[in-house]
Amino acid sequence: LFEYSNDAIFIIKNFRIVDYNQKSVQLFKTLSANILNKTLWSLSPQQQKNGKDSRETIAEQIQTVLQGKQIEIERLFQRDDKSIFLAELKLSPIVIEEDKFVQAIISDIGDKKELQEALAFNELRWKEALDIGNTGVWEWNIDTNEVFFSRIWKKILGFEKDELPNKFEEFNKRIHPDDTIE
């Protein structure tokens, strides 16, 4: 499992990487020899997005994990070519016999974050266009029979936003009898 993971995995002892999988080499675009004995902060830019020192924050987080807690955070890492990428970092304690280790699983989430931001931007733009155009919309989920009626759609029909339940029956009641199939 260790070698077949889609994520980079480091095993850390005394803040230093003592084992890693091949995905780590690919993710960090480096040679195997450049990972062993490194620290997580040496694979990071000096400062994180929030302006905090990478060494200081990761050292604190590793200490917390060594006390038996798991941590999952977003943080910046830096490849050998100096390119910086956003990753999800999961830190977990591992105890083998009497030795304490930290397992670090690193997933590049840069593309995922960009897609989420683009989706949020497009959704906001769509909502603004509907509001500006005073356009009411509805959407029907056939499986659950739930219907979404927009605030403006309800307003066009003379209802307040919380006055009409999101059920297909509410839509069906408003169809003129001449427009139905018997």
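The exercises below, each with a worked solution, concern a predicted model of a protein chain.

**Exercise 1. Determine how many helices and strands the protein chain has, and in which pattern they follow one another.**

Solution. Begin with the count, which gives five helices and seven strands for the protein chain. Then read along the sequence, where these elements appear in the pattern β-β-α-α-β-β-β-α-β-β-α-α.

**Exercise 2. Set the radius of gyration of the protein chain against that of a compact globule of 182 residues, and describe the box, the burial and the surface of the chain.**

Solution. First take the radius of gyration: a compact globule of 182 residues would come near 16 Å, but the value for the protein chain is 26 Å. Next consider the box filled by the C-alpha atoms, which along the principal axes takes up roughly 75 × 35 × 30 Å. Turning to burial, 32% of the 182 residues count as buried, while the chain exposes about 12,500 Å², of which carbon and sulfur atoms supply 50%. For the contacts with a separation of 6 or more, 35% are accounted for by residues 24 or more positions apart. Finally, the chain carries 25 positive and 32 negative charges, and the mean positions of these two sets are 7 Å apart.

**Exercise 3. Decide whether Ser44 is buried or exposed, and work out which residues surround it.**

Solution. Locate the residue first: Ser44 sits in the loop between α1 (22-27) and α2 (54-66). Its relative accessibility is 8%, and because buried means under 20%, Ser44 counts as buried. Now look for its contacts beyond the neighbours within four places in sequence, which are Ser54, Arg75, Leu76, Phe77 and Gln78. As a last step, follow the side chain of Ser44, which reaches the backbone oxygen of Leu40 at 2.8 Å.

**Exercise 4. For Asn37, find the residues it touches and its distance in space from Ile94.**

Solution. Asn37 also belongs to the loop between α1 and α2. If residues up to four places away in sequence are not counted, Asn37 touches Arg16 and Ile17. With Ile94 the sequence separation is 57 residues, and the C-alpha to C-alpha distance is 18 Å.

**Exercise 5. Examine phi of Asn14 and Asn134, and state where each residue is found.**

Solution. Start from the general expectation that most residues other than glycine have a negative phi. Asn14, by contrast, has a positive phi near 55°, and Asn134 likewise has a positive value, near 50°. As for their places, Asn14 is in the loop between β1 (8-13) and β2 (16-20), whereas Asn134 is in the loop between α3 (110-132) and β6 (138-141). To classify their surfaces, note that Asn14 has a relative accessible area of 62% and is therefore exposed, while Asn134, with 47%, is partly exposed.

**Exercise 6. Describe the surroundings of Ser5, including its polar contact with the backbone of Asp7.**

Solution. Ser5 lies in the segment before β1. With 21% relative accessibility, it counts as partly exposed, because the buried class ends under 20%. Leaving out residues up to four places away in sequence, Ser5 touches Asn21 and Lys23. The C-alpha atoms of Ser5 and Ser24, residues that are 19 apart in sequence, are 9.9 Å apart in space. To finish, a polar atom of the Ser5 side chain lies 3.0 Å from the backbone nitrogen of Asp7.

Terms used:
Residues are numbered from 1 along each chain as its sequence is written. This is a predicted model: local features need pLDDT of at least 70, side-chain atom pairs count only at pLDDT 80 or more; totals for chains, interfaces and linings use all residues. Side-chain values use heavy atoms; hydrogens and water are left out. Helices (H or I, at least four residues) and strands (E, at least two) are DSSP runs, numbered from the N terminus. The radius of gyration is taken over C-alpha atoms; the globule rule is 2.2 Å times the number of residues to the power 0.38. Buried means under 20% relative accessible area, exposed over 50%, partly exposed in between (1.4 Å probe, protein chains only). Contact means heavy atoms within 4.5 Å. Accessible areas come from the Shrake-Rupley method with a 1.4 Å probe; for residues, only the protein chains shown count as cover. Lys and Arg count as positive and Asp and Glu as negative; His and the chain ends are not counted. The place of a charge is taken as NZ of Lys, CZ of Arg, CG of Asp or CD of Glu. A polar contact is a pair of N or O atoms within 3.5 Å; within protein, one must be able to donate a hydrogen and the other to accept it, and residues adjacent in sequence count only if both atoms are side-chain atoms.
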